[in-house]
Amino acid sequence: MAKLTYKIVEHDGGWAYKVGDTYSETFPSHSDALQAAQIASSEQRIAGQTDGIEYEDANGKWHSELADGRDRPDTEVRDDPAA
């Protein structure tokens with residue numbers, strides 16, 4: 001099972017959460033970013049429908065896959081500036 005970590009970080013003059021190399025939108029306060037990360041993290045764990053997906057990888061190549069809606073990642077929110 002994959003594990004996703006949502007980290008609270010300063011970003012673009014405000015606060016955001018970051019998963020891997022991807023930032024959320026910028027929030028005006030740390031607490032707003034933390035609340036948004038907690039919501040996104042909990043929603044990420046909810047099973048859904050099995051469906052076809054398409055995505056582009058870091059090299060610009062497109063992929064098509066069948067995503068199992070029951071295969072959900074483990075998630076956590078980290079609010080540790082040193083992490």
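Here is a short conversation about how some strands pair in this predicted model.

Student: In which sense do β1 and β2 pair, and over how many bridges?
Tutor: Let's start with the two strands themselves: β1 covers residues 3–11, and β2 covers residues 14–19. Their pairing is antiparallel, and the number of bridges is six.

Student: Which residue in β2 is the bridge partner of glutamate 10?
Tutor: Good place to look, since β1 spans residues 3–11 and pairs with β2. Elsewhere along this pair, isoleucine 8 stands opposite tyrosine 17. For glutamate 10, the bridge partner is tryptophan 15.

Student: Which residue in the turn between β1 and β2 has a positive phi?
Tutor: These two strands form a hairpin, with two residues between them. One residue in that turn has a positive phi of about 50°, and it is aspartate 12.

Student: What is the phi of glycine 20, in the turn between β2 and β3?
Tutor: Strand β3 is made of residues 22–23, and it pairs with β2 in the antiparallel sense over two bridges. In this pair, lysine 18 stands opposite tyrosine 23. The two strands form a hairpin with two residues between them, and the phi of glycine 20 in the turn is positive, about 65°.

Student: Which residue in β6 stands opposite lysine 7?
Tutor: Here we turn to another partner of β1: strand β6, residues 74–78. β1 and β6 pair in the parallel sense, over five bridges. Opposite lysine 7 stands arginine 78.

Conventions: Residues are numbered from 1 along each chain as its sequence is written. This is a predicted model: local features need pLDDT of at least 70, side-chain atom pairs count only at pLDDT 80 or more; totals for chains, interfaces and linings use all residues. Side-chain values use heavy atoms; hydrogens and water are left out. Two strands pair if DSSP finds at least two bridges between them. Helices (H or I, at least four residues) and strands (E, at least two) are DSSP runs, numbered from the N terminus.
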